[in-house]
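User: Hi! I'd like to go through this one with you, a bit at a time. Can you start with how you decide on strand pairing?

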Amino acid sequence: QVQLVESGGGLVQAGGSLSVSCAASGRTFRTFSDYVMGWFRQTPEKEREWVATISWRGRNTNYADSVKGRFTISRDNAKNTMYLQMNSLKPEDTAVYYCAAGQGSTWPHPWSYPRSYGYWGQGTQVTVSS
């Protein structure tokens, strides 16, 4: 079993910054660098939305247009941890943020699709007030 645990969510004013983390572990967890890692977000009104993806060793990243230039995804394979630094936050960024891990060998596709990921965290709430 692979476990992903997000942390770092919270409440921030519009224009502010917040960082969320995702730590991976588990009995059947393989080497962290074997996994493409991604961030998704979801509100009650919308389907789960792709935010960003980072490749196995962190050399490549990909972002949704809605967050490009404001969010930065990164990973530390030695710590089995992925991060999402969110700057210039907007009220529309309010959502539950989920991290996900997937196994595969192609890039950048199909990592913007939730079905490409086999493991998910429980989510962390990010609320941006106006």
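Analyst: Happy to. Two strands count as paired if DSSP finds at least two bridges between them. Please keep in mind that this is a predicted model.

User: Good. So how do S1 and S3 pair, and over how many bridges?

Analyst: They pair in the antiparallel sense, over 5 bridges. Ser-7 stands opposite Ser-21 of S3, and Glu-6 has Cys-22 in S3 as its bridge partner.

User: What does S3 do with S8?

Analyst: S3 and S8 run antiparallel and are joined by 6 bridges. Ser-21 has Tyr-83 as its bridge partner in S8.

User: Back to S1. Which of its side chains are buried?

Analyst: Leu-4 and Glu-6 are buried and point to one face, whereas Gln-3, Val-5 and Ser-7 point to the other face and are not buried. That fits a general pattern: in a regular strand the side chains alternate between the two faces of the sheet.

User: Hang on, a glutamate in there! Which side chain of opposite charge is nearest to Glu-6?

Analyst: That would be Arg-48, at 7.5 Å. Glu-6 is buried and has no salt bridge; the cut-off for one is 4 Å between a side-chain nitrogen of Lys or Arg and a carboxyl oxygen of Asp or Glu.

User: Then which backbone nitrogens does the Glu-6 side chain reach?

Analyst: There are two to mention. The backbone nitrogen of Cys-99 is 2.9 Å from a polar atom of the Glu-6 side chain, and the backbone nitrogen of Gln-122 is reached at 3.0 Å. Leaving out residues up to four places away in sequence, Glu-6 also touches others, including Trp-39, Tyr-97, Gly-121 and Thr-124.

User: Tyr-97 caught my eye. What is Tyr-97 in contact with?

Analyst: Beyond its neighbours within four places in sequence, its contacts include Glu-6, Trp-39, Arg-41, Phe-71, Leu-84, Met-86 and Val-126.

User: How many residues does the largest nonpolar core have?

Analyst: The count is 35 residues. Met-37, Trp-39, Met-82, Leu-84, Met-86 and Tyr-97 have the most contacts inside this core. Several strands supply at least two residues each, among them S3 (18-25), S4 (36-42), S8 (81-86) and S11 (124-129). S9 gives the most to this core, with 5 residues. As a general point, nonpolar side chains tend to be buried together in soluble globular proteins.

User: And Trp-120, buried or exposed?

Analyst: Partly exposed, because its relative accessibility is 26% and the buried class is under 20%. Trp-120 lies in strand S10 (residues 119-120). Its C-alpha atom is 9.6 Å from that of Trp-39, although the two are 81 residues apart along the chain. Among the residues Trp-120 touches are Leu-4, Phe-40, Arg-48 and Pro-114, not counting those up to four places away in sequence.

User: New topic: salt bridges. How many turn up in the whole structure?

Analyst: The search finds 4 salt bridges. One of these links Arg-41 and Asp-93, with the closest N and O atoms 2.9 Å apart. Arg-41 is in strand S4 and Asp-93 in the loop between S8 and S9, so the pair links distant parts of the chain, 52 residues apart.

User: What else does Asp-93 bind to, in salt-bridge terms?

Analyst: Arg-70, with the closest N and O atoms 2.7 Å apart. Arg-70 sits in the loop between S6 (61-63) and S7, so this pair ties together parts that are 23 residues apart in sequence. Both Asp-93 and Arg-70 are buried, and Arg-41 is buried as well. A network of salt bridges links Arg-41, Glu-49, Arg-70 and Asp-93.

User: Last one: where are the cis peptide bonds to Pro-108 and Pro-110?

Analyst: Pro-108 is in the loop between S9 and S10, and Pro-110 is found in the loop between S9 and S10 too. The cis bond between Trp-107 and Pro-108 has an omega of about 0°, and the cis bond between His-109 and Pro-110 has an omega of about 10°. For context, most peptide bonds are trans.

Note on methods: Residues numbered from 1 in each chain as written. Predicted model: local features only at pLDDT ≥ 70, side-chain atom pairs only at ≥ 80, totals over all residues. Heavy atoms only, no water. Core = buried A, V, L, I, M, F, W, Y, C linked by side-chain atoms within 4.5 Å. Buried < 20%, exposed > 50% of the residue type's maximum accessible area, 1.4 Å probe, protein only. Helix = DSSP H or I, 4+ residues; strand = E, 2+ residues; numbered from the N terminus. Contact = heavy atoms within 4.5 Å. Lys, Arg positive; Asp, Glu negative; His and termini not counted. Polar contact = N/O pair within 3.5 Å; in protein donor to acceptor, adjacent residues only side chain to side chain.
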